[in-house]
Structure formats: structure tokens, C-alpha cells
Amino acid sequence: MEEVSLTYTGIMKQGNERVVKVRFTRNNEKDYAEGTIPGGKIEKSSGFSDKEVASLSFYLRANEKELYQKAKEITGFRGFLR
């Protein structure tokens, strides 16, 4: 797989659940995949093969705790700015 960038949101409410939205991009953002934790489900993608999407989903599940911790820092910072 080529170099892939990852961005994520702070913790958000989606219904009764607290989620973090994650976006993978490459090729100057021409290729993208968008997923959610918990669960690591990739909800939308373009330009990534099925095998690559499965790998990205696995990455989300394997790194869920770390991503939540980083998202928590963003969420806390947003509260500070209010």
C-alpha cells in the first residue's frame, strides 16, 4: 500500500453511542476511506481495493484504544475553547 494519511475527529455522539470518525487518504486525497470506531467499520471508500479496505478496518479495530485517547484530547481542547 502507498503512503496513507489518517485524520480523525474528536469524540462525537451518534444516537446513544460515542464515536470517532476516521478518514484515510492517499494520492492527494483522490483515494479515501471513512470509518468509525468503535467497531472499525469502513462506511465509505473510493480508490482502495477490497483487501486494502479490510486492512484499514483491521487497523481501526487494533488501534481503537489509542485512537479514542487521541480523540479525547481533541474533544477536551474543543471544550476549553468554548
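Is E43 buried, partly exposed or exposed? Select E43 to begin the tour: with a relative accessible area of 41%, E43 is partly exposed, where buried means under 20% relative accessible area, exposed over 50% and partly exposed in between, for a 1.4 Å probe and protein chains only.

Before going further, note that this is a predicted model, in which local features need pLDDT of at least 70 and side-chain atom pairs count only at pLDDT 80 or more, while totals for chains, interfaces and linings use all residues. Residues are numbered from 1 along each chain as its sequence is written, and side-chain values use heavy atoms, with hydrogens and water left out.

**The whole chain**

Colour the model by secondary structure, and two helices and five strands appear, following the pattern β-β-β-β-β-α-α along the sequence; helices (H or I, at least four residues) and strands (E, at least two) are DSSP runs, numbered from the N terminus. Along the principal axes, the C-alpha atoms fill a box of roughly 40 × 25 × 20 Å. Of the 82 residues, 30% count as buried.

**From E43 to K21**

Keep E43 selected and add K21, with which E43 forms a salt bridge whose closest N and O atoms are 3.5 Å apart; the term stands for a side-chain nitrogen of Lys or Arg within 4 Å of a carboxyl oxygen of Asp or Glu. This pair links distant parts of the chain, since E43 belongs to strand β5 (residues 41-46) and K21 to strand β3 (residues 17-26), 22 residues apart. K21, at 26% relative accessibility, counts as partly exposed.

**From K44 to E34 and R23**

Select K44 next, together with E34: their side chains meet in a salt bridge with an N to O distance of 3.5 Å. Here too distant parts of the chain are linked, with K44 in strand β5 and E34 in strand β4 (residues 31-37), ten residues apart. K44 is partly exposed at 48% relative accessibility, and E34 is also partly exposed, with a relative accessible area of 22%. Adding R23 to the selection completes a network of salt bridges that links R23, E34 and K44.

**R26 and D31**

Which residue does the side chain of R26 meet in a salt bridge? Select D31 alongside R26, and the N to O distance of this salt bridge is 2.9 Å. R26 and D31 are both buried.

**Last view**

Return to the full model, which holds six salt bridges, among them the pairs E43 with K21, K44 with E34 and R26 with D31.
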